[in-house]
Amino acid sequence: MPKIPTFTSKARPTAEVAGVKSNLQIDPTKTPAAGLSVLAGAAQDYYIKQRDNVEKLEATKKFYEMKTEGAKIANELKNNPNEFEVENIYNNRFSSYKNSVIQGIKNKRVRKKIENLISLDQPETIYKLKQNAFKQYEIQENEMYNTKQNTYANEYSLELDLAKKDQKKQQRLDTAKEYESKMLKGKEWLSKE
């Protein structure tokens, strides 16, 4: 029988990789695929920018609708002189309206943009409400002062008893002092009154 030659390998099978090795090095940014990835990145950036613009427009529209509703609530409160009550009523009514509208919006990014717009706008709205309430307080306080003074002046002119006349005169002076201390009119105003 003939003898079959055998081969003994000196390489370790897990340490050395079979294949052809080369010195060629290719820059991955200069391949055709790299050029396409730049285009894909630009398209993705355009898509994201366009989506953001559409969401901003939607949020702005909804914000102005909500601001109009807030203006209606503020208009209903325009004759109230109590600034704390005005603020509480406005906050309660507008908050319930705001929550119902925001819950109806499914897009979280639009919802967040609307909440940000509202949170930026609310301090100015509350300030205007308080300012208007204080103006109403001044108007109503002034009307009350004038009514009291006119009433005491009429009673004074109709009174025949001198002691009661002096009492009516003193009531007018006391009313003027009280009004001056409430409204901080000053001593000069008080001396004229």
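These legends go with close-up views of a predicted model.

**Figure 1. The whole chain is built from helices.** Before zooming in, take a look at the overall layout: the protein chain has five helices and zero strands. Follow the sequence along and you read the pattern α-α-α-α-α. Of the 193 residues in the chain, 18% are buried. The surface that the chain exposes comes to about 15,500 Å², and carbon and sulfur atoms supply 55% of that. Now for contacts: take those between residues at least 6 apart in sequence, and 65% of them join residues at least 24 apart.

**Figure 2. Three helices chip in to the largest nonpolar core.** This core has 18 residues. Those with the most contacts inside it are Met-66, Tyr-90, Phe-94, Ile-114, Ile-118 and Leu-129. Which elements give two or more residues to the core? They are helix H1 (32-76), helix H2 (83-103) and helix H3 (108-158). H3 gives the most, with six residues. Pick out Ile-118 and see what it touches: leaving out residues up to four places away in sequence, Ile-118 meets Phe-63, Met-66, Phe-94 and Lys-98.

**Figure 3. Helix H2 has a buried side and a face turned away from it.** Here's a quick check you can do on H2: at 1.5 Å a residue, its 21 residues should span 30 Å, and the C-alpha atoms at its ends are indeed 30 Å apart, so the two values agree. The buried residues of H2 are Val-86, Tyr-90, Phe-94, Val-101 and Ile-102. These buried residues cover an arc of only 90 degrees around the axis, which means they sit on the same side of H2. What does the face turned away from the buried side carry? There you'll find the exposed residues Phe-84, Asn-92 and Gln-103.

**Figure 4. Asn-82 caps the N-terminal end of H2.** Zoom in on the start of the helix and look for the side chain of Asn-82. One of its side-chain oxygens lies 3.2 Å from the backbone nitrogen of Phe-84.

**Figure 5. Gln-122 on helix H3 is a buried residue.** Find Gln-122 in helix H3. Is Gln-122 buried or exposed? Its relative accessible area is 16%, and buried means under 20%, so Gln-122 counts as buried. Skip its neighbours within four places in sequence, and Gln-122 is in contact with Tyr-90 and Phe-94. You've met both of these already, as buried residues of H2.

**Figure 6. Glu-141 is another buried residue of helix H3.** Glu-141 has its place in H3 too. Its relative accessibility is 15%, so it counts as buried. Which residues is Glu-141 in contact with, leaving aside neighbours within four places in sequence? They are Tyr-179, Lys-182 and Met-183.

**Figure 7. Asn-132 meets residues from far back in the sequence.** Asn-132 lies in helix H3. With a relative accessible area of 26%, Asn-132 is partly exposed. Asn-132 and Pro-81 are 51 residues apart in sequence, yet 7.9 Å apart in space, C-alpha to C-alpha. If you set aside neighbours within four places in sequence, Asn-132 is in contact with Leu-77 and Lys-78. Look closely at Lys-78: the side chain of Asn-132 reaches its backbone oxygen at 2.9 Å.

Key. Residues numbered from 1 in each chain as written. Predicted model: local features only at pLDDT ≥ 70, side-chain atom pairs only at ≥ 80, totals over all residues. Heavy atoms only, no water. Core = buried A, V, L, I, M, F, W, Y, C linked by side-chain atoms within 4.5 Å. Buried < 20%, exposed > 50% of the residue type's maximum accessible area, 1.4 Å probe, protein only. Helix = DSSP H or I, 4+ residues; strand = E, 2+ residues; numbered from the N terminus. Contact = heavy atoms within 4.5 Å. Areas by Shrake-Rupley, 256 points an atom, 1.4 Å probe, with all protein chains shown as cover. Expected span 1.5 Å × (residues − 1). Arc of directions from axis to C-beta. Polar contact = N/O pair within 3.5 Å; in protein donor to acceptor, adjacent residues only side chain to side chain.
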